[in-house]
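I set out below my notebook entries on this structure. They follow the order in which I looked things up.

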Amino acid sequence: MPGPARTAPGTPYLTSSPTDSGRLRLFCFHHSGGSAAAFSALRGALAPHVEVLAVQLPGRETRLRHPLPTSMADLVTELDEHLDPYLTGPYACYGHSMGALVAHDLIARRQARGALSPVRLIAGACRAPQLPAAFAAEHMESDDHLVRSMLDIGGLSPELLRYPDWLQSAVSLNRGDLRLCASRDTTEVEALPCPIDVFHGMADPLVHERDALAWAKRSTVSCRLHRFSGGHFFFLRESRAAFADRIAALLREAPDVVGGA
């Protein structure tokens, strides 16, 4: 059954405008070097009960000419301004790796100014935000070093090695995103007033389980760890179906979701 018609978004940070269907909205924040396209399959998997809205950061896909803010604080300030009109009803957030830090910092900013918080934050493949961001220091390394590191963690397709221009673009994009992560202030702020669920790939070479468990300090409500088969990008590979199923189950717990995802 087709969903509601989509219109052009009112902000470049969304790839499509939210509908007025009354569904719970899930805002998804992509990983370093990634894009909103990472959540295309999730949109179909959670329809028709949850509306997946993928956030597109500058410097990629349709936003190639848009400069990336110079710090995480500046990025979050922009996101708060651009997404605020769409965060007026029940919503949840999923962030993967860098995206989990972006989502956390956005929620913390909104909490500080008395704005509506999400019904749930789901953080994937990410150390707790009071810890140094995994992999962020790589932004200071040479291109060759960064390429090898990205290949090691599965964040770069070996096919790109055959296309120097595309490879350079991927390296530059990752470097800019990692610089954002490195710019974060890790000073602990007030814990968030929503449940946090932490998704962890059991073979993740960047995020140890103890660092994922440290998210427990960031919620005044509850925090649960969910283990998945695979590495840092389990949600795109080894545990793709399990990932969508787990999110659907978690969002069914939200009182504003009617039926089952």
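**Entry 1: a charge over a ring**

I found Arg-63 over the face of Tyr-13, at 4.3 Å from the ring centre. For such a placement I required NZ of Lys or CZ of Arg within 6 Å of the ring centre and within 35 degrees of the ring normal.

I note that the model is predicted, that local features need pLDDT of at least 70 and side-chain atom pairs pLDDT 80 or more, and that totals for chains, interfaces and linings use all residues. Residues are numbered from 1 along each chain as its sequence is written, and side-chain values use heavy atoms, with hydrogens and water left out.

**Entry 2: backbone**

I looked up the peptide bond between Ala-47 and Pro-48 and recorded it as cis, with omega about 5°. Pro-48 belongs to the loop between helix H1 (40-46) and strand S2 (50-55). I took helices (H or I, at least four residues) and strands (E, at least two) as DSSP runs, numbered from the N terminus.

I then turned to positive phi values. Glu-61 is not a glycine, yet its phi is positive, at about 45°. I placed Glu-61 in the loop between S2 and helix H2 (72-83). Its relative accessibility is 42%, so I entered Glu-61 as partly exposed. My classes were buried for under 20% relative accessible area, exposed for over 50% and partly exposed in between, with a 1.4 Å probe and protein chains only.

Ser-97, also a residue other than glycine, has a positive phi near 60°. Ser-97 sits in the loop between strand S3 (91-96) and helix H3 (98-112). I listed Ser-97 as buried because its relative accessibility is 14%.

**Entry 3: aromatic pairs**

How many aromatic pairs does the structure hold? I recorded 11. Rings of Phe, Tyr and Trp (its six-membered ring) pair if their centres lie within 6.5 Å; planes under 30 degrees apart are stacked, over 60 edge-to-face, and the rest tilted.

I examined Phe-27 and Tyr-91, whose ring centres are 6.0 Å apart; their planes stand at 90°, so I noted the pair as edge-to-face. Because Phe-27 lies in strand S1 (residues 24-29) and Tyr-91 in strand S3, this pair ties together parts 64 residues apart in sequence. Phe-27 is buried, with a relative accessible area of 0%, and Tyr-91 is buried at 2% relative accessibility.

Next I examined Phe-39 and Phe-235, with ring centres 5.9 Å apart and planes at 40°, so the pair is tilted. This pair links distant parts of the chain, 196 residues apart: Phe-39 is in the loop between S1 and H1, and Phe-235 is in the loop between strand S6 (223-228) and helix H7 (240-252). Phe-39 is buried at 1% relative accessibility, and Phe-235 is buried at 3%. I found both in one aromatic cluster, together with Tyr-94, Phe-199, Phe-228, Phe-234 and Phe-243.

**Entry 4: nonpolar core**

In soluble globular proteins, nonpolar side chains tend to be buried together. I defined a nonpolar core as a set of buried Ala, Val, Leu, Ile, Met, Phe, Trp, Tyr and Cys residues joined through side-chain atoms within 4.5 Å. The largest one has 81 residues, and those with the most contacts inside it are Leu-26, Phe-27, Phe-29, Leu-42, Tyr-94 and Ile-247. H3 gives the most to this core, with eight residues.

I looked up Leu-26 for contacts (heavy atoms within 4.5 Å). Beyond its neighbours within four places in sequence, its partners include Leu-42, Val-52, Tyr-94 and Ile-247.

**Entry 5: Asn-174 and Glu-188**

I located Asn-174 in helix H5 and listed it as buried, with a relative accessible area of 7%. Leaving aside neighbours within four places in sequence, Asn-174 is in contact with Ser-32, Gly-33 and Met-150. I also noted that the C-alpha atoms of Asn-174 and Arg-43 are separated by 25 Å, with their positions 131 residues apart along the chain.

Glu-188 is in the loop between H5 and strand S5 (196-201). Glu-188 is partly exposed, at 43% relative accessible area. Leaving aside neighbours within four places in sequence, I found Glu-188 in contact with Gln-130 and Lys-217. From Glu-188 to Leu-131, C-alpha to C-alpha, I entered 9.3 Å in space and 57 residues in sequence.
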